[in-house]
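Please describe the fold of this protein chain in prose, with attention to its core, its strand pairing and a few individual residues.

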Amino acid sequence: MKEVKPDYRRQLDWFDPAKHQQEVTIVGAGGIGGPTTLALAKLGVQSIRVYDFDKVEAHNQPNQIYGTYQIGMNKVNALSVICRDYADKQIDPYPTKFRSTHRPKGVVIG
């Protein structure tokens, strides 16, 4: 099977990932952080770091982006798989509770 890389032509008039090297730190990979991370990955944001200490549980299924096969995984590791599969992007997953000592880089979404 031929590997296909993302084609960002349709968005280049308002966001060109090659010209924006901003780093993004996301705190939380749940109902808001998960889809936000995927959307930024699909835009082509180069550096995304996500902190969340929680695991995917059955009660997350109705309102989060995780599949049933991901129950029991750390949310950030499951999100890393989703971003790789749907956006061909590697995020930096941190399966730990965010603390101010982590010194986030770039834009912080929490």
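## Core and strand pairing

The largest nonpolar core has 20 residues, and those with the most contacts inside it are Leu-40, Ile-48, Val-50, Tyr-66 and Leu-79; a nonpolar core is here a set of buried Ala, Val, Leu, Ile, Met, Phe, Trp, Tyr and Cys residues joined through side-chain atoms within 4.5 Å. Two or more residues are given to this core by each of S1, H1, S2 and H2, and the largest share, six residues, comes from H2. Helices (H or I, at least four residues) and strands (E, at least two) are DSSP runs, numbered from the N terminus. In soluble globular proteins, nonpolar side chains tend to be buried together.

This is a predicted model, in which local features need pLDDT of at least 70 and side-chain atom pairs count only at pLDDT 80 or more, while totals for chains, interfaces and linings use all residues. Residues are numbered from 1 along each chain as its sequence is written, and side-chain values use heavy atoms, with hydrogens and water left out.

In helix H1 (residues 33–43), the buried residues are Gly-33, Gly-34, Thr-37, Leu-38, Leu-40, Ala-41 and Leu-43, where buried means under 20% relative accessible area, exposed over 50% and partly exposed in between (1.4 Å probe, protein chains only). These buried residues of H1 pack against strand S1 (23–27), strand S2 (47–51), helix H2 (75–87) and strand S4 (107–109), and just after H1, Gly-44 takes a positive phi of about 100 degrees. Tyr-66, one of the core residues named above, touches Gly-34 of the helix as well as others including Val-56, Leu-79 and Ile-82, not counting residues up to four places away in sequence; contact means heavy atoms within 4.5 Å.

Strands count as paired if DSSP finds at least two bridges between them, and the pairings of S1 are set out below.

| Strands | Sense and bridges | Bridge partners |
|---|---|---|
| S1 and S2 | parallel, five bridges | Val-24 and Ile-48 |
| S1 and S4 | parallel, three bridges | Thr-25 and Val-108 |

From S1 the chain crosses through H1 to S2, and this β-α-β crossover is right-handed, a term used if, with the strands pointing away from the viewer, the path from the first strand over the helix to the second runs clockwise.

Two loop residues complete the account. Asn-74, in the loop between S2 and H2, counts as buried because its relative accessibility is 18%. Asp-88, in the loop between H2 and strand S3 (92–94), has a positive phi near 55 degrees although it is not glycine.
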